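Subject: Structure for you, with notes

Hello,

Here is the structure I promised to send over. Please open it alongside these notes.

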Amino acid sequence: LDYRGRILTTEKFAEKIDSKLKHGKHVSFYIGNYYGIDENTLKKADLVLSLSRMTFNHELTVLILLEQIYRVDNILFGGNYHK
């Protein structure tokens, strides 16, 4: 996660996660600090996301990210929590 990353809808985020998992890939998240993530790390990323153009502290970022992962899980496995 980096402030310069793409902003996706939850549904598009779920599609990205689903695609990775279907290809047997692991999904990892790195949370940048106030200044973002260094360029070398960004170049290695398959996808750079932003939760918002606003700045959040790490604790809030983790909470928002976990909420979105929970919604993705619901979308991929047929739940209805994401609505």
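A residue counts as buried when its relative accessible area is under 20%, and as exposed when that area is over 50%. Anything in between is partly exposed. Please keep in mind that this is a predicted model.

**Serine 50**

Serine 50 has a relative accessibility of 7%, so it counts as buried. It sits in the loop between α2 and α3. A polar atom of the serine 50 side chain lies 2.6 Å from the backbone oxygen of serine 52. Setting aside neighbours within four places in sequence, serine 50 contacts Asp2, Tyr3, Gly5, Arg6 and Ile7.

**Threonine 61**

Next is a residue in helix α3, which covers residues 58–76: threonine 61. Is threonine 61 buried or exposed? Its relative accessibility is 7%, so threonine 61 is buried. Its side chain has a polar atom 2.9 Å from the backbone oxygen of asparagine 57. Residues up to four places away in sequence aside, threonine 61 touches Leu1, Ile31, Leu51 and Phe56.

**The nonpolar core**

Which residues form the largest nonpolar core? There are seven: Leu1, Phe13, Ala14, Ile17, Leu49, Leu65 and Val72. Two elements, α1 (10–22) and α3, give two or more residues to this core. The largest share comes from α1, with three residues.

Valine 72 is one of the core residues. Not counting residues up to four places away in sequence, valine 72 touches Thr10, Phe13, Ala14 and Ile17.

**Salt bridges**

How many salt bridges does a search of the whole structure find? It finds six. Side chains of opposite charge can pair when their charged atoms come close. Several of the pairs are worth a look on screen.

Start with lysine 22 and aspartate 18. They form a salt bridge, and their closest N and O atoms are 3.2 Å apart. The two residues are four apart in helix α1, so about one helical turn separates them. Lysine 22 is exposed, because its relative accessible area is 65%. Aspartate 18 has a relative accessible area of 22%, so it is partly exposed.

Then look at glutamate 67 and arginine 71. Their side chains meet in a salt bridge, 2.8 Å from N to O. Both residues lie in helix α3. They are four residues apart, about one turn of the helix. Glutamate 67 is partly exposed, because its relative accessibility is 26%.

Another pair is aspartate 46 and lysine 20. Their side chains meet in a salt bridge, 3.3 Å from N to O. This pair links distant parts of the chain. Aspartate 46 is in the loop between α2 (39–44) and α3, lysine 20 is in helix α1, and the two positions lie 26 residues apart in sequence terms. Aspartate 46 has a relative accessibility of 62%, so it counts as exposed. Lysine 20 has a relative accessible area of 26%, so it is partly exposed.

There is also a network. Salt bridges link Asp2, Arg4 and Glu39.

**More on aspartate 46**

Aspartate 46 can also be placed relative to lysine 16. The two are 30 residues apart in sequence. In space, their C-alpha atoms are 10 Å apart.

**The largest pocket**

What is the volume of the largest pocket? It is about 550 Å³. The lining has 19 residues. Of these, Ser28, Ala45, Asp46, Leu47 and Val48 lie nearest the centre of the pocket. So aspartate 46 appears in the lining as well as in the salt bridge with lysine 20.

Which elements each supply at least two residues of that lining? They are α1 and α2. The largest share, four residues, comes from α1. Helix α1 also gives the largest share of the largest nonpolar core, three residues.

**Where to look on screen**

Here is a short list for a walk through the model.

- Serine 50, buried in the loop between α2 and α3.
- Threonine 61, buried in helix α3.
- Aspartate 46 and lysine 20, for the salt bridge that links distant parts of the chain.
- Ser28, Ala45, Asp46, Leu47 and Val48, for the centre of the largest pocket.

Best wishes

Terms used:
Residues are numbered from 1 along each chain as its sequence is written. This is a predicted model: local features need pLDDT of at least 70, side-chain atom pairs count only at pLDDT 80 or more; totals for chains, interfaces and linings use all residues. Side-chain values use heavy atoms; hydrogens and water are left out. Buried means under 20% relative accessible area, exposed over 50%, partly exposed in between (1.4 Å probe, protein chains only). A polar contact is a pair of N or O atoms within 3.5 Å; within protein, one must be able to donate a hydrogen and the other to accept it, and residues adjacent in sequence count only if both atoms are side-chain atoms. Contact means heavy atoms within 4.5 Å. A nonpolar core is a set of buried Ala, Val, Leu, Ile, Met, Phe, Trp, Tyr and Cys residues joined through side-chain atoms within 4.5 Å. A salt bridge is a side-chain nitrogen of Lys or Arg within 4 Å of a carboxyl oxygen of Asp or Glu. On a 1 Å grid over the protein atoms alone, a cavity is a set of points where a 1.4 Å probe fits but cannot get out, and a pocket is an open set with protein on both sides within 12 Å along at least five of seven lines; lining residues have an atom within 4 Å of a point. Grid points are joined across faces, edges and corners, and a volume is the space filled by probe spheres set on the points.
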